[in-house]
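Trainee: Could you take me through one part of this model slowly? I would like a close look at the place where the ligand sits, and then a word on what lies around it.

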Amino acid sequence: MKYFFNDLNAYEKAKLKSKNNPNEFWGGLAKTFVWQKTWDKVLEYNFKSADVKWFLGGKLNITENCLDRHLKYQPKKTAIIFEPNDVNESSIHISYEDLHSKVCKVANMLKANGATKGDRICLYMPMIPELAIAVLACARIGAIHSVVFGGFSASALSARINDAQCKILITADGGFRGSKITPLKLIADKALENCPSIKRNIVYKRTNKKINWNNIDVWWHEELEKVDDNCDAEIMDSEDPLFILYTSGSTGEPKGMVHTCGGYMVYTAYSFQNVFQYQKKDVYWCTADIGWITGHSYIVYGPLLVGATTVIYEGVPSYPDYGRFWKICNKHKVNQFYTAPTAIRTLQKQSLKYVEKYDLSYLKVLGSVGEPINEEAWRWYDKYIGNHKCPIVDTWWQTETGGILISSLAGITKQKPTYATLPMPGIEAVLLDDYGNEINGEAKGVLAIKAPWPSIARTIWGNHERYKSIYFSKYPGYYFPGDGALRDDRGNFRITGRVDDVVIVSGHNLGTAPIENIINKHPKVVESAVVGFPHNIKGSALCVFVIANTLVDENRLANELSALVSKTIGPIAKPDRLLVVNGLPKTRSGKIMRRILRKLIDGKDQEIGDVSTLLNPNTIIEIKDKLQIRAVNLG
Ligand code: WT7
């Protein structure tokens, strides 16, 4: 493949071409896919109005590229290997031919239940092949999927369903996760009390546990019996939405990032192939959940687009013991393994016997995603998992970018521990100073992208102004991802973390504002501020500062707030520490200076810096004292 750089020379050539003639570069790449009609124009964009369009006028269906296209030359190849939570349950291999048939059947089932092109369909499911099948079935008929992570609470689910006005929900009676069962149907029932747009709830039977039954509910397996597996792919415009995926922002409401058919297809395949250097017979495994963008782009779409074998694991890394990931790598002879730093740090803490028990010699490439990987975790991953022979790709990207923008290409370009390294060919990453000026050479600044790439999110569902304001207004002329970065003298980028009020906890992107809103609802809370602080396993954890309206038992309040956050957002958003204070550092205009709180909790009082806008300096002294005496640990 012309756009597969399997040596440095091809890579350098591509880099040059993408710079000198981007339209030819991206257009040429797009030509390697199946289109019903070729585009009239490669790109049209205006960063001022936050409008981006790729492959204008092109017509396609992404599932023809994920499925039909492979039937000609590799129908029997395994597309999906399913590894169930329970070690005693057999794994399942689904061939491209079978996957095609299953997707078509589910697509027909969706149609029979009232779905048409453009409808939004919410998927709230466990990590089972049926989730991937449902995703593809939506794409097959041109319905817009909105996958909600199975760990989210009822109110988080209903907020997402209502924002997109979803017509159908697909869920399961429950999901197996380690020794626990997630009662998905029960949570969904609760959510649906407030979701008038949902007309049908399709329930997949996974756990066989007893559930309540409502009149909009139908069983997945019963509905499937009524349909066949002939389903022509709906012809989509390149710029028609393919899916919505919610990510947290620094204000209250979740942001529904909208990705479109043509550009997303081209970029996820391109980045998957080149970053992981996938070879024909390889088995690739990404441990993310399909409920996050990593799962969308690099469990489902990217791998299937290039005809790869992709592993889906239902459970958690610690079940039945901390050797499970390595056991799976051994069992399925995994060649490319892609996980998150938080998982690596957790596994690194366990006895090496969990690693040594297994044969990891099939591994060729290791990947990391979701947050900066610290050097210690990088070295451990390299030594014990990769046996010093597997390149590590540290991939920087976001829900908004759709695909990997900065990463080394396994075995082709140079890696550097803790550095995501170089932008992919076609990606123009720059560093800006506080005034929005580009800075050159070795430097520190905020990361920005100068020109669009095909898989950039096109908008926030129902709120283009918000999209424009978050990503395109602060530094006019650039896409601003919200991360800070360092660059070395060779152009390698090291991502230093968020520069806004988003905290990455165990690889989960959490806005502090929605958590504060929930905490503020507690009858004893007057005001609160949530900030992130370094945590040796989670990367960052949350600390909540609370002003209470009465004398409170801190332990009790901590537990109540923790339960409240868990119920409203989900357990992933639970704070680790709580501190009751009399005042919070504020600017004269009343804005809480979270920057100061972050330094205090991190013990970096010396680095607080400019406090000229601070209204109440005495709060700093109080918080410093309190931090020395006690802060309730919820960990
Ligand atoms: C944020 C995006 C990309 C899929 C998973 C998270 C952080 C992501 C890296 C990395 C340093 C990283 C950034 C980014 N991040 N990958 N390799 N090195 N930081 O997607 O939930 O949209 O979060 O995750 O801060 O902005 P997301």
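**The ligand and its surroundings**

Mentor: Happy to! Let's start with one polar contact: a nitrogen atom of the ligand lies 3.4 Å from a polar backbone atom of P372. Please keep in mind that this is a predicted model, so every distance here is computed from predicted coordinates. On the oxygen side of the ligand, there are two side chains to look at. An N or O atom in the side chain of D483 is 2.6 Å from an oxygen atom of the ligand, and a polar side-chain atom of N509 is 3.2 Å from an oxygen atom of the ligand. How much of the ligand does the protein cover? On its own the ligand has 550 Å² of accessible area, and the protein covers 95% of that.

Now let's widen the view to the shell. The ligand is surrounded by 18 residues, with D394, T395, T399, D483 and R498 the closest. Sorted by class, the shell holds 7 nonpolar, 6 polar and 5 charged residues. If you want to find the shell along the chain, turn to helix α10 (293-305) and to the strands β20 (392-395) and β26 (493-498): these are the elements that give it two or more residues.

Next, the domains. Domain 1 is made up of 1-115 + 124-182 + 192-225 + 234-500, while domain 2 spans 506-633. Their centres, taken over C-alpha atoms, are 32 Å apart. Where they touch, domain 1 brings 19 residues and domain 2 brings 21 residues to the contact. About 1400 Å² is buried between domain 1 and domain 2, and carbon and sulfur atoms give 49% of that area. On the domain 1 side, look for S248, T342 and R345: they supply 26% of the area that domain 1 buries against domain 2, more than any other three residues.

Finally, two backbone details for your own inspection. Y319 and P320 are joined by a cis peptide bond, with omega at about -5°; P320 sits in the loop between β17 (309-313) and α11 (324-331). The other detail is F55, which is not a glycine and yet has a positive phi of about 55°. You will find F55 in strand β2 (residues 51-56).

Note on methods
Residues numbered from 1 in each chain as written. Predicted model: local features only at pLDDT ≥ 70, side-chain atom pairs only at ≥ 80, totals over all residues. Heavy atoms only, no water. Near = heavy atom within 4 Å. Polar contact = N/O pair within 3.5 Å; in protein donor to acceptor, adjacent residues only side chain to side chain. Areas by Shrake-Rupley, 256 points an atom, 1.4 Å probe, with all protein chains shown as cover. Helix = DSSP H or I, 4+ residues; strand = E, 2+ residues; numbered from the N terminus. Nonpolar A, V, L, I, M, F, W, Y, C, P; charged D, E, K, R; others polar. Domains from an automatic or database assignment. Contact = heavy atoms within 4.5 Å. Buried area = accessible area lost by both parts, 1.4 Å probe.
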